[in-house]
Amino acid sequence: MKPYILSRREFLAQLGLATAGTMLAACAAPAATGGAAPAAPAEAVADREIRPGVMRSETLILENPTGKVVPADDFNRWRPGIQSASTGLQQLGLDALWYIDPDAGIDGVWDNSLAAEKPIYNEDFTQMTVKLRQGIYWSDGVEFTADDLIYTVETQKNTQGMAYTGQFNKYVASIEKPDPYTVVFTLAEPNSRFHGLFTVRWGACFMMPKHIFEQQPDPVAFTFNPPVSLGPYVLKDFDPQGDWYLWERREDWDRTSLARYGMPAPKFAMYIAPGPSDKKVMAQTSGELDVIHDIAPEGMITLARTNPTSKGWFPSFPWAHPDPTLPSVIYNNEKPGLNSREVRWALTLAIDIVRVAMASYRGAATISAIHVPPTGLYPGYYFDPMQEWLNAFTLDLGDGASYAPYDPTAATRIAEAARASLGDLVPTDEAAVRKAIGYGWWKYDLEAAEKLMLKAGCTRDSAGKWLLPDGQPFKIALMAEGETRPIMNRGAAMVVENWVEFGIDATLDVRDNATRTKLVLLGEMDAEFGWTIETWGGHPDLFFFLESWHSSFYRPSGENAVGRNRMRWQHPDLDPIIEAIQRLEFDDPKGIELGLEFIKLAATEMPITPIMSYNVFSVCDETYWEGFPTSEDPYTNPVANWANTKYMYVKIRPKA
Amino acid sequence: MRKFVLSYLIPRIGQYLLVIFLGVTLTFVIPRLSPNDPVEQQVSQLMMSGSQVSPEAIEHMRVALTEMYGLAGSPWEQYWAFWGRLLRGDLGPSLSSFPTPVNQLLATAMPWTFGLLIPSIVISWVVGNILGAIASYYENNRVIQVVDVVSQAVRPIPYYIMALVLLAVFSYWIPIFPFSGAYPPGARVEFSLSFVLTVLYHSLLPLLSLVLIGIGGWFIGMKSLTSNIIAEDYVVYAENTGLPRRQILTQYIMRNAMLPQITGLALQLGMLFSGALIMEVVFGYPGMGTLTFQAVMANDYTLIMGITLLSIVGVATTVLILDLIYPLFDPRVRIQ
């Protein structure tokens, strides 16, 4: 009698057949379930089910730049450090009092979202009144009222460890509710920009649902899962591993603030973690990803050449959306050598902006000679009015002659350099070049830089290296991000190369983000390639970053910098400008005049060397949807993690 | 039996425990030699965001984070507390995904890595060894010669090149496989036939990349081992007696060549806990390799410690098991 039903060989043969059958079935499975097969580009237009009941043609798929979100089920946006902010939570689920668009805006740059009108201040800015919209409801049917706003502020004020605990403790003395749709803040000190805390520029203090949070014993630990929405979408499902989040348009979307602009077109929105740039190219080419948040310049160039439905912010080179941030060389103004205006100017003139732009963005950079980003409406607010002054601006090189350092042709030279590799993709029209690549920059002039160094008392050693006035070697370690932002790393590397060619003992000091942050805040650095200037983009008010440039925020090296004065710069003419801006109403046109004064002061003193805007290669694919924001129709920012992108949903439409 | 226990089993278990003790201690000490203070990192990041937080609030946060991260007290107190938590199976919270426990992150990632690496290791080991032995014994066979050349060509290719080429060819130019992930966006993780089939489909390309590289290694190793054995007297004698060649191959040659290969297999299986980092990053696969990559990028040293500990325990346990079962494979060990 055989001890087994099958012999060893029969068993192995049948096991092999079963395995092969399973593999074949698996290969065929996605077609059957409609879930996974990446289609060839030609087939991508065909509709399919992403999951039962969710059609591809009804779904906008966007990149969540956070990537995999861990923990995936934590939606408490009011706790610092939360990872799920960009999963659609702040774009589609939450809402704030006001929004300022970094571009032109859907109906102007300012939008009264949950507020019915702009903030109302008393004369000395010690009181701010907020009028709320009526008829706005949370997704569970509870009405949004003044109680939610008061709860949002008081809970964060009274609970340590929440996102706005510090600010509300500093600024809010008391809150009153004259009626269910009006809130009056009495401020602890005059503050004409208090509303900025509630105004979205990427993010802000979003409203908390009082009826949900008040039932929780610990509002910090609460995960707010599932989140109750105040925006037009509600979370339908999410991946427990944090790779995707699926949102569904609310049945009662017309009871949200966005309904003023119509019904959001996509029935569903899915925020996914597509992986690195090569994966994003593959995903968009195969119709799996409608909106790329950001991609390496090389990925953008590949999409521009191979996928005709992929659209950047600009129709061609440089494609990218310029963020209202200003990557700069941030000097520690307290370090020997760098505490000299002449030396900082010499280092600026030793930078070849064409090579920096080519190295970092392959030319697709939007450069800025002045200390505001060349983005949004800022060309009109600040760049155009500054051109005459910049052309007339001179430096004293110490040899008796006046030297004009401004080079109005810098953008054109970058375009020419980019044209060598990208050909006709690069515009030739001067206005198009100015709009895309920017205005002028500072001359690359080593001779002038040499004179400035000598004027500052520096000398060269026998090897041609620069020495400080006390004879010590002049060394600069330029700190930069590594793999997390290769654009910044490449730009910094080229600046170092420029400086080495000029005779500076410069090195690139790449650190992980945490270490870099710590050292930079403590002032334990010579210079950093990063940004400390960022603005509203659409609104000219510079108080957004200038507030903490006031000397009252100054901390010497060795102490943690407060706010944005990481360069440790103080100047007697700066405080009066900041104080004057603070005394103005937010929309007062005198703010621009004061802003221009600041720019002239900063250009003269050069505490940091402005380089360019942080260009984000947001790419929208028009296979399934069209009407995305572009430089020609800049109704909002296409960068997918900005809360302002909610306006995109009412402007896009399904591709016919 | 008593001799076996005293002179073989107990010393090896002692070695095993010592290795784990040293490994755990080093895992505790090394991150603390790093100049990075995770508490200060978190505080700095909050301040870098431009928030004007009061000094009192910062100090409060510093104390709270120190407690939460298990960094309160002297190094000795932390060390004993660390052992205490470890023996309870608690690896602490992840710093980058606070307050998610490291245990939870490992438990989520491990099944994906095991599900892909175990089949790939086993398939490449079985196929590579069989082909290697055949190539050595039937050296004039044309098909085997082709396999030999292909294996020699594939083996030196760096894995990431192979993975990227496969990805570009089969996901981009000829898009028959998905380019990322273990399942498509929108798919719910559940134990259903359709989900299992979808996962299998998503695993095929990474599996293929691992198997191709793996087979090359085992093939060359086995061929080299068996090429010495086929000249042994007992093989020549077996051939002269007229035994079938297949029997000589399997029972005389392969059996005697298997011992180093079994050791290699066991060590590879022991390394499972650290995942296949490059494969998982290239294919966007959600296993231990991806977790390791994220932990390193985020400076999340409680998570790095957790992964390292698992790896130490995995390798040490595998070596122990191997020591204990060696006599089953090789009677010579039993006699010694």
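Tutor: Helices here are DSSP runs of H or I with at least four residues, strands are E runs of at least two, and both are numbered from the N terminus. By that count chain A has 18 helices and 31 strands. This is a predicted model, where local features need pLDDT of at least 70, side-chain atom pairs count only at pLDDT 80 or more, and totals for chains, interfaces and linings use all residues. Residues are numbered from 1 along each chain as its sequence is written, while chains are lettered from A and ligands numbered from 1 in the order in which they are written.

Student: Why is chain A called as compact as a globular protein of its length?

Tutor: The globule rule is 2.2 Å times the number of residues to the power 0.38, and the radius of gyration is taken over C-alpha atoms. For 656 residues the rule gives 26 Å, and chain A has 27 Å, which is close, so the label fits. Its C-alpha atoms fill a box of roughly 105 × 75 × 55 Å along the principal axes.

Student: And what makes chain B more spread out than a compact globule?

Tutor: The rule gives 20 Å for 336 residues, but chain B comes out at 25 Å, well over that, so it gets the other verdict. Chain B has 14 helices and zero strands, and its C-alpha trace spans about 90 × 65 × 40 Å along the principal axes.

Student: How do you know which residues of each chain count as buried?

Tutor: Count the other C-beta atoms, placed from the backbone, within 10 Å of a residue's own: 20 or more is buried, 12 or fewer exposed, and in between partly exposed. Buried residues make up 56% of the 656 in chain A; for the 336 of chain B the figure is 36%.

Student: Why are helix 9 and helix 14 of chain A called roughly antiparallel?

Tutor: Angles run from 0 to 180 degrees between N-to-C directions, with axes fitted to C-alpha atoms over the stretch in contact. Under 35 degrees is roughly parallel, over 145 roughly antiparallel, 65 to 115 roughly perpendicular, and the rest oblique. Helix 9 (residues 353-361) and helix 14 (residues 486-502) of chain A pack at about 150°, with axes 7 Å apart. That makes this pair of chain A helices, 9 and 14, roughly antiparallel.

Student: What makes a residue part of their contact?

Tutor: Two residues are in contact if their C-beta atoms, placed from the backbone, lie within 7 Å. Among those making the contact are Val356(A) and Ala359(A) of helix 9 of chain A, and Ala493(A) and Met494(A) of helix 14 of chain A.
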